[in-house]
Amino acid sequence: FAVLHLGEHHLYGGVREFLGDEPLRQLEEKVVQSFQKSDIHEIFNLMDRFFGNHNYSFWHLFKDEQRLTMDLVMESVRKNTEGLMNRMYEDNYPILQVFKEINLNVPQQLKIPVDLAMNTKLTNLFKSEKTNVSELKNVLDAAERIDVVLDLVTLNYLADAKVSDLMKRLCETPEDDQLIQDTLELVGLIEGSRITPEYWEAQNFAFATKKRKVNDFTIARGDHPTANGEEAFSELLNKLQITV
């Protein structure tokens, strides 16, 4: 039984001989009552009386528990940091444009966190399950307008993974015209940016879709084929350098 205090990174609690379910149930009831009253001091008193006065620090944890604790701590830190960087970017975007227009170098104290904020935005967009091409375009355009230094190693990898995932889904449902259009728009957007994925895995899925499911692709439309969908698919293959 233990209480984790992330702010100070310590555990408070202890172990004792098992006395049965009833004493533990009584302790649980009292702890819950104290917690509902925000009486933290009484919670510690209850634990002292039940377990004895023993303190255990972060360093007493097994490695896996230490890692889990640090993950919880760093998740909170990461969110706070992202929030600060985003506010700095939003508050200073107009002045960054002025620096660009009059050909002055942006002070590093401002440029570094803004670059981090923009790269974080792009990273989160590529990692998102839903593909928001419009928002990606807005962020990429803004990055170009203020000369953001993109983390191309990370973004190339994430863009490659995103397109591969979409092509895998398309391979499974080749009749999905909207998915074809969304993937085509994303690949077109990437093509016009500084991001340069390899598309090796995406090409494999595209080739499999073209070679193995071309009949399904046509038959699935029945008596109502959609020429626009097939044209978009052909254009997508061309952009992925798959011969049509």
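**Close-up 1. Glu-29 and Arg-25 are 4 residues apart in helix α1, a separation of about one helical turn.** Their side chains form a salt bridge with an N to O distance of 2.2 Å; a salt bridge is a side-chain nitrogen of Lys or Arg within 4 Å of a carboxyl oxygen of Asp or Glu. Helices (H or I, at least four residues) are DSSP runs, numbered from the N terminus. Glu-29 is partly exposed at 39% relative accessibility, and Arg-25 is partly exposed at 35%. Partly exposed lies between buried (under 20% relative accessible area) and exposed (over 50%), with a 1.4 Å probe and protein chains only. This is a predicted model, in which local features need pLDDT of at least 70 and side-chain atom pairs count only at pLDDT 80 or more, while totals for chains, interfaces and linings use all residues. Residues are numbered from 1 along each chain as its sequence is written, and side-chain values use heavy atoms, with hydrogens and water left out.

**Close-up 2. Arg-25 also forms a salt bridge with Glu-22.** The N to O distance is 2.4 Å. The two residues lie 3 residues apart in helix α1 (residues 21-36), about one helical turn. Glu-22 has a relative accessible area of 37% and is partly exposed.

**Close-up 3. Lys-137 and Asp-141 form a salt bridge in helix α5.** The N to O distance is 2.8 Å. Helix α5 covers residues 133-145, and the partners sit 4 residues apart within this helix, about one turn. Lys-137 is partly exposed at 42% relative accessible area, as is Asp-141 at 27%. Elsewhere, Glu-22, Arg-25 and Glu-29 are joined into one network by salt bridges that share partners. The structure holds 8 salt bridges.
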